[in-house]
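Work through the exercises below with the model open beside you, and try each task before you read its solution.

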Amino acid sequence: MRRIALLALTALFAASATGQDSACPALQESALANIAQLCAEQEAGTLCLGGATVTPVYRDRAEAAASFDQPGGAISITDIDWLSVSSEDRTWGAARALFPAYPSDGLEARDTALLAFGNVALFLPEPMALPPALADIKVTASNGANLRAAPSTDATVVALLAVSRPLKVLGRLRGGGWLQIYATPDLRGWISESVVSAPPVDLPALTADAETVPLWLPWHRFDFLSGMHDAPCEEAPESGILLQTVKFIAPRQFVINGARLMLSGSAWLQAQVSSGLLIHIIDGWARVATDGGEVALRSGNFTHVALARNENGALTPAAPPSDSAAYDFHELIQLPVQALPYETRVGVEVYTIVDPVPAGGRSPLEALAADAPCIFSAARSGANIRSRPDPEAPIIAVMAYRESAEPIVRGIGADSLPWWKLADRIWVRVDATVSGGNCNEIPLIRANA
């Protein structure tokens with residue numbers, strides 16, 4: 001049934017209504033403000049409503065009685081089968097889920113946020129039948145421990161686990177001596193009781209051929225479709241989902257439309273069967289992998305994964321991810337990152353808007369004729385690039401000493417000082433630069449234009 005719904009919604013997103021100009025961007029701003037304010041105390045494992053036209057469909061129809069009709073309302077995500085977020089006349093859907101996610105190399109679950117907005121359909125797989133209890137143990141052997149494919153010293157070594165490595169134990173071999181454990185959500189096997197901390201005495205008794213399933217938490221895996229190029233007005237974002245994990249720790253791992261995403265930071269994703277899966281890294285870094293290959297991404301870059309449907313109707317990668325490439329900053333500037341739990345900003349690849357330092361480290365203004373086009377370069381301490389001519393505006397990039405750019409206008413900013421404008425929503429304050437050429441020809445505009 002979920003796959004039928006997905007097929008039906010494909011056409012819906014390809015032809016999403018955009019007749020909201022009279023209310024845009026007020027509708028979007030209201031829905032996002034609801035999430036930032038009314039969902040501020042949102043608990044992990046819940047979906048919080050920001051704007052109307054958000055419809056969860058439960059596996060257990062009895063759950064449908066749950067209240068989810070007012071902004072700030074929250075429901076459990078555990079039993080959601082699929083989620084529809086839609087944009088209609090004078091409505092704009094937005095909702096945020098918080099849930100724990102495992103890293104790619106361990107078992108320390110940390111909260112992740114998923115913000116769906118505009119026109120999005122998100123489909124969750126049936127939950128796996130995990131063991132009723134997973135006890136925590138650690139490797140105690142000073143030289144580490146072997147994780148084996150079977151409870152025998154003759155069995156294949158699956159991995160070498162370092163001392164103090166945290167593990168989750170499923171059960172004990174009948175007769176004792178061996179434990180079946182998870183080392184990561186995908187890495188599991190048998191380990192000798194002699195090399196780990198004491199497990200609980202009441203562990204389930206297992207046979208040597210006991211099977212286990214990957215240790216996936218709810219919302220680690222999902223398929224989704226979204227609108228594309230459907231922003232109802234210039235000041236509003238296109239449809240999609242924002243996914244955010246804590247930066248500077250091991251990346252959290254997800255399987256999205258069949259592609260594996262390992263993310264440390266924030267990403268914006270869109271998907272349609274005809275257009276594929278687009279993954280933009282707003283901050284931090286990521287790796288995207290399919291059976292055909294893998295690509296590493298950093299802030300300011302994106303990749304594309306072609307999609308197809310398998311014989312069961314599920315979305316699946318049809319090719320390796322494309323090479324990393326810089327995204328167009330201006331297409332992402334309206335993304336509702338303010339509704340994410342951790343502060344972030346849309347990153348930009350500096351080389352797309354500024355020129356590098358000339359060979360030999362010389363000044364780009366050297367020997368520049370007085371009537372040459374105006375160029376400015378960053379002063380010795382560098383120059384912050386901001387999203388508007390205001391020292392309180394977010395820094396989106398930094399120009400290094402002697403990197404240069406050609407301004408298109410000058411403006412008097414919120415601080416009553418002059419600023420260079422490089423492109424839409426890209427500004428540098430004049431006193432952080434050195435200029436040359438015919439800069440008097442650069443038009444002067446009003447503050448914050």
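Two exercises follow, each with a solution in steps.

This is a predicted model, in which local features need pLDDT of at least 70, side-chain atom pairs count only at pLDDT 80 or more, and totals for chains, interfaces and linings use all residues. Residues are numbered from 1 along each chain as its sequence is written, and side-chain values use heavy atoms, with hydrogens and water left out.

**Exercise 1.** Describe the protein chain through its secondary structure and its buried residues.

Solution. Begin with the DSSP runs, where helices (H or I) need at least four residues and strands (E) at least two: the chain has three helices and 34 strands. Turn next to burial, which means under 20% relative accessible area with a 1.4 Å probe, protein chains only; by this cut-off 51% of the 449 residues are buried. Finally, with contact taken as heavy atoms within 4.5 Å, 66% of the contacts between residues at least 6 apart in sequence join residues at least 24 apart.

**Exercise 2.** Place S404 in its strand, decide whether S404 is buried or exposed, and list its contacts beyond the neighbours within four places in sequence.

Solution. The first step locates S404 in strand β29, which spans residues 404–405. The second step gives S404 a relative accessible area of 6%, and S404 is therefore buried. In the third step, once neighbours within four places in sequence are set aside, S404 is found in contact with V354, D355, P364, I375, F376, S377 and M399.

Key
Buried < 20%, exposed > 50% of the residue type's maximum accessible area, 1.4 Å probe, protein only.
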